[in-house]
Amino acid sequence: MEKAQITADLKAAASQLEFVLTGVCPAVTAQGFHRFQQWLAQGFAGEMRYLPDRAAAYEHPNSILDGARSLLMLALPYRTSGPRPTQPGMGRISRYAWGPDDYHDVIHHKLKSLAASARSLIPGVQVRGITDTAPLLERDFARLAGLGWIGKNTMLIHREQGSWFFLAALLLDCELTYDDAFANDHCGTCTACLDACPTGAFPQPYVLDATRCISYLTIELRGDIPHDLRPKMQDWVFGCDVCQEVCPWNGKAPATDHPALSLIH
């Protein structure tokens with residue numbers, strides 16, 4: 001079968017699994033690897049030791065799948081129905097964690113099905129599906145696969161889907177038909193995300209100081225939250241959505257009714 005047809009069939013299978021964005025790119029050295037190294041050197045990872053401990057592995061997808069040649073980049077939406085108004089004494093949880101199931105489990109189940117499709121289309125292919133736990137700079141490869149641009153809040157943004165989606169990847173040791181990289185940046189002069197961050201976690205556009213990010217403070221930090229940041233955290237108790245809520249590209253992002261990701265009532 002021609003690789004163009006195989007690529008099209010894989011994308012169709014991904015769409016059937018509810019991935020709303022699909023794109024293919026070559027397995028190459030991550031374009032943002034040096035920026036990632038600089039980010040680590042500045043101490044912006046805080047206590048997330050798993051990042052510097054395996055920093056070298058982020059340079060190339062071969063660290064995840066030996067002989068990797070192609071990546072099928074995928075996006076699964078999680079913008080479900082709006083939150084109920086909070087009352088005094090109630091805290092807010094980031095939208096990605098509203099559902100009854102861990103999103104890792106939801107996506108891994110879909111990736112297993114997609115990997116099975118790949119094996120049926122390409123006998124003998126080596127394939128591995130991952131989502132945010134393996135050493136891959138997902139946003140860099142998603143941009144390379146044409147899924148969108150990396151915004152000033154460091155999120156991957158798509159013109160229609162906004163940024164309310166999880167990223168995942170299917171790595172294969174065969175060559176597929178590659179999409180064009182996303183070349184433009186549609187943030188323009190907008191600084192809504194930077195201005196709205198309650199804790200000032202963006203020292204400059206496109207750079208996140210995780211040690212000041214509410215998501216880091218409520219999930220990753222194992223020690224006490226710094227006193228000067230506590231009053232600025234508002235009512236967030238697990239994660240934070242502020243920089244996404246104010247992004248103009250998220251204003252018309254479509255909603256999903258996926259039961260595993262929807263608000264628990």
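Q: What makes the contact between the side chains of Lys110 and Glu18 a salt bridge?
A: A salt bridge needs a side-chain nitrogen of Lys or Arg within 4 Å of a carboxyl oxygen of Asp or Glu, and the side chains of Lys110 and Glu18 meet at 2.7 Å, N to O, so the pair qualifies. The pair links distant parts of the chain, 92 residues apart, with Lys110 in helix H4 (residues 103-121) and Glu18 in the loop between H1 and strand E1 (21-26). Helices (H or I, at least four residues) and strands (E, at least two) are DSSP runs, numbered from the N terminus.

Q: Where do these values come from, and how are residues numbered?
A: This is a predicted model, in which local features need pLDDT of at least 70 and side-chain atom pairs count only at pLDDT 80 or more, while totals for chains, interfaces and linings use all residues. Residues are numbered from 1 along each chain as its sequence is written, and side-chain values use heavy atoms, with hydrogens and water left out.

Q: Why is Lys110 called buried, and what is Glu18 called?
A: Buried means under 20% relative accessible area, exposed over 50%, and partly exposed in between (1.4 Å probe, protein chains only). Lys110 has a relative accessible area of 8%, so Lys110 is buried, whereas Glu18, with 39%, is partly exposed.

Q: What is notable about the phi of Glu18?
A: Glu18 is not a glycine, although its phi is positive, about 80°. Tyr206, also a residue other than glycine, has a positive phi near 75°; Tyr206 lies in the loop between H6 and helix H7 (214-220) and, at 37% relative accessibility, counts as partly exposed.

Q: How do you know that the salt bridge between Lys3 and Glu175 ties together distant parts of the sequence?
A: The side chains of Lys3 and Glu175 meet in a salt bridge of 2.7 Å, N to O. Lys3 lies in helix H1 (residues 3-16) and Glu175 in the loop between strand E7 (165-172) and helix H6 (192-196), so the parts that are tied together lie 172 residues apart in sequence. Lys3, at 38% relative accessibility, counts as partly exposed, and so does Glu175, at 35%.

Q: What makes Asp53 exposed, and which residue is its salt-bridge partner?
A: Its partner is Arg49, with the closest N and O atoms 3.3 Å apart, and Asp53 is exposed because its relative accessible area is 57%, over the 50% limit. In addition, salt bridges that share partners join Lys3, Arg69 and Glu175 into one network, and the structure holds seven salt bridges.

Q: Why is Ile93 able to count towards a surface patch?
A: Patches are made of residues with over 30% relative accessible area and no salt bridge, like charges being joined within 9 Å and nonpolar side chains (Val, Leu, Ile, Met, Phe, Trp, Tyr) within 5 Å. Ile93, in strand E3 (residues 92-93), has a relative accessible area of 39%, so Ile93 passes the 30% limit. Ile93, Val237 and Phe238 together form a nonpolar patch with about 240 Å² of accessible area, computed by the Shrake-Rupley method with a 1.4 Å probe, where only the protein chains shown count as cover for residues.

Q: Why is Lys11 called buried?
A: Lys11, found in helix H1, has 18% relative accessibility, which is under the 20% limit, so Lys11 counts as buried. The C-alpha atoms of Lys11 and Gly23, 12 residues apart along the chain, are separated by 7.8 Å.
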